[in-house]
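This briefing goes through side-chain interactions and buried cores, grouped by topic. Please keep the sequence and the structure in view while reading.

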Amino acid sequence: MQRWSLPIKLERYLANNNKEKALYLLSRITSLNSQAFVEHDTDYLRFVGRFRTELLIDWLMYREALAWVCLECELYPDNKEAKILRESLKRHILNVPRKQEEQFIPTEQWDGVAGMYELKAIIERDIIRPIMYWDLYEEYGVTIPHGFLFYGPPGCGKTFFAEKIAERLGFEFINVRTSDIASPYVHGTQKEIRRIFDDARERVPVVLFFDEIEAMVPSRKRTDVSFHYKSEVDEFLGQLNKKLNEGLVIIGATNYLNSIDDAILRAGRFDKKIFIGPPDLSARAEGFRMHLNDFPQKNIRYDFIAEMSQNFTFADIELVCDDIKRSAIEQSMLILNTDYVGRFVSKYKPSLNKTELSKYM
């Protein structure tokens with residue numbers, strides 16, 4: 001998937017929750033008489049337009065979002081996903097009752113998840129909407145993905161987003177770790193994989209999440225992979241291919257995409273691969289705000305702190321904030337301010353750097 005960068009000014013507006021300025025800037029970029037319109041290609045401008053629409057939806061501004069989606073449908077009549085989004089927004093605005101089998105699906109958005117707008121837009125488009133509006137996807141002939149693979153550096157929230165997806169959909173969440181299925185007996189792990197899938201099917205609707213999936217389904221091309229591992233990969237493939245997985249959302253997570261068996265990544269298995277990287281500027285600002293919220297403070301510029309902490313993971317932010325509070329207590333610093341927090345943050349190095357991050361892109 002093509003990755004484009006958003007203007008840093010827009011990131012700052014989002015970090016400060018300045019919605020009006022953010023939307024105005026997005027409109028300026030796509031304006032016919034803007035320099036940005038001349039400098040960027042059509043695909044980029046359409047990306048900006050979709051991003052604006054997703055922001056409006058995330059901010060619960062459904063009617064404004066519908067207006068922009070209708071324009072997209074008029075300009076690009078072959079865009080099936082835009083048509084699906086248009087119809088789903090109409091249903092939501094008009095409060096059209098869902099079918100009986102859809103009643104378990106709530107309608108709240110990403111409450112409590114600040115920033116990461118591009119990632120949330122991808123998850124909405126590829127996971128949430130196909131499940132919420134499966135009848136529209138079938139009507140327009142758009143394939144609904146079978147399974148999803150989250151990949152990227154550790155500490156960036158792969159498990160958190162999987163849990164949030166289950167919450168958004170109103171599904172039960174089952175987290176499977178390597179240690180949960182490991183067995184010292186030959187074919188023991190193979191039986192555990194079968195048992196987990198059978199149990200999940202009995203409890204649908206379910207989000208079945210496999211953490212560190214590379215340890216469960218390693219590449220069979222590796223010379224160090226034993227015979228019983230190969231049979232476990234075969235069992236996992238068989239379970240993914242079963243026609244009994246309706247109501248079962250299967251998500252795998254890995255830090256090492258290249259270590260997973262190629263057959264798992266083919267179409268019909270894990271159709272969608274979604275990169276989950278370090279938090280963006282607005283997410284970092286909200287992360288610091290959340291972790292320092294219980295400590296007395298005055299006029300902390302969280303957007304400034306966020307700019308100082310580029311490539312920090314959520315785990316890094318939590319660690320730094322704990323150390324800030326401990327240090328403040330020891331030094332009798334009763335009220336935190338921007339200077340104190342900033343000096344402290346500048347002493348820390350993020351878990352990731354550009355070289356390491358490029359390995360996951």
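With which residue does Asp199 form a salt bridge, and how far apart are the closest N and O atoms? The partner of Asp199 is Arg203, and the closest N and O atoms are 2.6 Å apart; a salt bridge here is a side-chain nitrogen of Lys or Arg within 4 Å of a carboxyl oxygen of Asp or Glu.

This is a predicted model, in which local features need pLDDT of at least 70 and side-chain atom pairs count only at pLDDT 80 or more, while totals for chains, interfaces and linings use all residues. Residues are numbered from 1 along each chain as its sequence is written, and side-chain values use heavy atoms, with hydrogens and water left out.

**Salt bridges**

- The structure holds 19 salt bridges, among them the one between Asp199 and Arg203, where Asp199 is partly exposed with a relative accessible area of 26% and Arg203 is partly exposed with 34% (buried means under 20% relative accessible area, exposed over 50%, and partly exposed in between, with a 1.4 Å probe and protein chains only).
- Asp294 and Lys325 also meet through their side chains in a salt bridge, at 3.4 Å from N to O, and this pair links distant parts of the chain, with Asp294 in the loop between helix 13 (281-292) and helix 14 (302-308) and Lys325 in helix 15 (residues 314-330), 31 residues apart.
- Within that pair, Asp294 is exposed, with a relative accessible area of 62%, whereas Lys325 is buried, with 15%.
- Salt bridges that share partners join Arg86, Glu87 and Lys90 into one network; the closest N and O atoms of Glu87 and Lys90 are 3.7 Å apart.

Helices (H or I, at least four residues) and strands (E, at least two) are DSSP runs, numbered from the N terminus.

**Aromatic rings**

- There are 12 aromatic pairs in the structure (rings of Phe, Tyr and Trp, the last by its six-membered ring, with centres within 6.5 Å; planes under 30 degrees apart count as stacked, over 60 as edge-to-face and the rest as tilted).
- Trp59 and Tyr117 form an edge-to-face pair, 6.2 Å centre to centre and with 80 degrees between the planes; Trp59 is buried at 11% relative accessibility, and Tyr117 is buried at 10%.
- Tyr340 and Phe344 form a tilted pair, because their ring centres are 6.2 Å apart and their planes are at 35 degrees.
- Lys347 lies over the face of Phe344, at 5.7 Å from the ring centre (a charge sits over a ring if NZ of Lys or CZ of Arg is within 6 Å of the ring centre and within 35 degrees of the ring normal).
- Arg46 likewise lies over the face of Tyr76, at 3.7 Å from the ring centre.

**Nonpolar cores**

- The largest nonpolar core has 37 residues, of which Ile123, Ile127, Phe150, Phe161, Ile165, Ile251 and Ile274 touch the most other members (a core is a set of buried Ala, Val, Leu, Ile, Met, Phe, Trp, Tyr and Cys residues joined through side-chain atoms within 4.5 Å).
- The largest share of this core, 7 residues, comes from helix 7.
- A second, separate core of 26 residues includes Tyr44, Phe51, Leu55 and Tyr117.
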